[in-house]
Amino acid sequence: MKFTTTSGIEIKEIYTEPSGMNELPGEFPFTRGIQKDMYRGRPWTMRQYAGFSTAEESNKRYHYLLSQGTMGLSVAFDLPTQIGYDSDNAMAEGEVGKVGVAIDSLKDIEVLFDGIRLKDITTSMTINATAPILLAMYIALAKKQGADLKLLSGTVQNDILKEYAARGTYIYPPGPSMRLITDVFEYCSKEVPKWNTISISGYHIREAGSTAVQELAFTLANGKAYLQAAIDKGLDINVFAKRLSFFFNCHNNFFEEIAKFRAARRMWANITTQLGATDAGAQKLRFHTQTGGSTLTAQQPMNNIVRVTTQALAAVLGGTQSLHTNGYDEALSLPTEAAAKIALRTQQIIAFESGATDTVDPLAGSYFIESLTDELEKAAYLYIDKIDAMGGPVKAIEQDYIQQEIARSAYEYQNEIEAGDRVIVGVNKFTETEKPAGGLFRVDDSIRITQSEKLKTLKAERDNTAVQDALSKLKDAANGKENLMPFILTAVEAYATLGEIADTLRSVFGEY
């Protein structure tokens with residue numbers, strides 16, 4: 001019988017070759033970690049991804065998570081917010097507040113962070129097509145709170161390429177989308193220098209069904225494309241590459257996931273160097289990890305606590321900078337407070353009880369881990385070289401290559417489960433008859449009415465002349481070559497809505 005990882009890399013029965021590695025953590029190519037002392041210096045940031053219903057409801061969950069020891073917030077936005085529709089738009093019906101919080105204007109952001117000083121926390125926002133608008137709202141609130149923008153820190157996902165390939169929340173064609181991304185790079189490098197301007201995401205590529213190798217390859221290929229776009233805009237790689245971060249998935253195959261993270265660091269160090277980075281800070285791959293949502297089962301949901309624990313431990317042993325652990329009930333609904341608390345406690349137990357943080361890269365030198373790191377790197381470069389030969393990720397996406405590769409892997413994985421060749425505990429083996437789950441978290445449809453009323457009030461009370469003036473200037477700028485962030489910020493501060501700003505850009509860029 002042949003043993004393989006989920007990417008099809010054959011696993012030998014025993015590994016006898018020494019690694020021959022004499023690398024040190026914190027030194028190029030950073031295979032063993034980006035900090036010399038890693039978690040001895042400070043633990044990873046323990047985030048919990050949250051956002052649902054209205055800004056008021058999400059604000060309560062944020063205060064709860066902060067009271068339980070969360071070190072950073074991670075905001076989920078609803079689908080209309082992600083694709084540039086206000087809650088009262090016909091396209092938003094049935095989706096307002098469902099998979100994240102509904103944000104229609106700066107007013108909602110003010111409520112979302114009520115009682116939370118932005119200067120005292122880091123915030124990660126999972127937002128892409130409308131990332132410049134949400135970032136502008138966050139900056140506008142920080143200004144109102146009197147925060148020093150030079151010290152404001154957090155991350156905006158802002159990764160549109162994986163949306164075309166795997167997730168689907170794009171608005172504009174690839175060209176204008178890439179312009180908006182590099183506008184954010186340029187603006188933040190001057191105005192908000194500690195802000196991570198993109199989180200290049202493999203997470204959704206993996207959730208769509210890719211293998212670990214494909215996640216690694218397609219994510220780093222996208223990263224290369226963003227570097228090149230910024231260089232073409234005249235930005236200095238030694239400056240802007242320090243503000244890039246990555247977002248990876250952590251699946252069930254414990255050793256493959258650890259090797260994937262180690263390979264990613266080494267590959268990125270070499271990729272950035274080839275593109276001209278000489279500053280160590282610009283060569284380091286910093287990343288957030290989330291445990292694998294698609295690995296969670298609706299059957300025997302308590303088993304998910306064990307899955308999340310092993311995935312979280314793999315992320316820590318792989319050297320993550322930030323981690324979100326999924327709630328055990330997420331295959332059934334948005335996580336309940338109880339599930340969110342257990343997920344956070346899982347991280348805290350790994351950090352403070354397991355001993356995994358006591359030394360740097362504890363699995364370094366393992367014949368198996370070192371060999372697997374090399375194998376993943378080799379397999380990922382085959383994909384990257386093919387994408388480069390096609391003219392880069394945009395061309396590969398336009399030719400449907402990346403989408404087809406992910407779909408093929410997803411199909412093979414599902415076939416293995418259905419044939420019983422891949423065991424999923426409680427699904428195709430060790431099954432039992434269960435009663436329907438109760439006590440699930442549900443978001444009420446009436447939120448759309450609440451948000452629509454808020455919009456009506458906002459439009460009656462704001463200075464509509466100032467709004468129209470700001471939107472008109474934004475449209476002119478979009479037709480030209482200027483950086484759009486200052487124009488978006490002006491519109492946001494006048495309380496123009498997210499939908500109004502997105503529609504202004506749609507009128508110039510069109511929809512994809």
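Modeller: Before we look at β8, two strands pair if DSSP finds at least two bridges between them, where strands (E, at least two residues) and helices (H or I, at least four) are DSSP runs numbered from the N terminus. This is a predicted model, in which local features need pLDDT of at least 70 and side-chain atom pairs count only at pLDDT 80 or more, while totals for chains, interfaces and linings use all residues. Residues are numbered from 1 along each chain as its sequence is written, and side-chain values use heavy atoms, with hydrogens and water left out.

Colleague: OK, so which strand pairs with β8 over three bridges?

Modeller: That is β9, residues 322-324, and the two strands pair in the parallel sense. Within this pairing, Thr289 has Leu323 of β9 as its bridge partner.

Colleague: And how many bridges join β7 to β8?

Modeller: Five bridges join them, and β7 (residues 244-250) runs parallel to β8. If you follow the pairing along, you find Phe247 with His288 of β8 as its bridge partner, and Cys250 standing opposite Thr291.

Colleague: What joins β7 by four bridges?

Modeller: Strand β6, which covers residues 198-201, is joined to β7 in the parallel sense. Here Ser201 stands opposite Phe247, and Phe247 is also bridged to His288 in β8.

Colleague: How many residues of β8 are buried?

Modeller: Five of the five residues of β8 (287-291) are buried, meaning under 20% relative accessible area, so the strand is mostly covered. Phe287, Thr289 and Thr291 point one way, whereas His288 and Gln290 point the other way. In a regular strand the side chains alternate between the two faces of the sheet.

Colleague: Why is β7 largely enclosed?

Modeller: Seven of the seven residues of β7 are buried, so the rest of the structure largely encloses this strand. Leu244, Phe246, Phe248 and Cys250 point one way from β7, and Ser245, Phe247 and Asn249 point the other way.

Colleague: New topic: which residues do ring pairs link into a cluster?

Modeller: Phe246, Phe248, Phe261, Trp268 and Phe287 are linked in that way. Rings of Phe, Tyr and Trp (its six-membered ring) pair if their centres lie within 6.5 Å, with planes under 30 degrees apart counted as stacked, over 60 as edge-to-face and the rest as tilted. By this rule the count comes to 19 aromatic pairs.

Colleague: Why is the pair of Phe28 and Phe30 edge-to-face?

Modeller: Their ring centres are 6.1 Å apart and the planes stand at 75°, so the pair falls in the edge-to-face class. Tyr39 and Trp44 form an edge-to-face pair as well, with 5.1 Å from centre to centre and 75° between the planes.

Colleague: Is Phe30 buried or exposed?

Modeller: Phe30 is buried, with a relative accessible area of 1%, whereas Phe28 has 39% and counts as partly exposed.

Colleague: Where is Asp361?

Modeller: Asp361 lies in the loop between α13 (337-353) and α14 (367-390), and this residue is buried at 8% relative accessible area. Leaving aside its neighbours within four places in sequence, Asp361 is in contact (heavy atoms within 4.5 Å) with Arg32, Arg262 and Leu317.

Colleague: Last one: how many disulfides does a search of the whole structure find?

Modeller: The search finds zero disulfides, a disulfide being a pair of cysteine sulfur atoms within 2.5 Å. Cys188 is buried at 1% relative accessible area, and Cys250 is buried at 0%.

Definitions and conventions: Buried means under 20% relative accessible area, exposed over 50%, partly exposed in between (1.4 Å probe, protein chains only).
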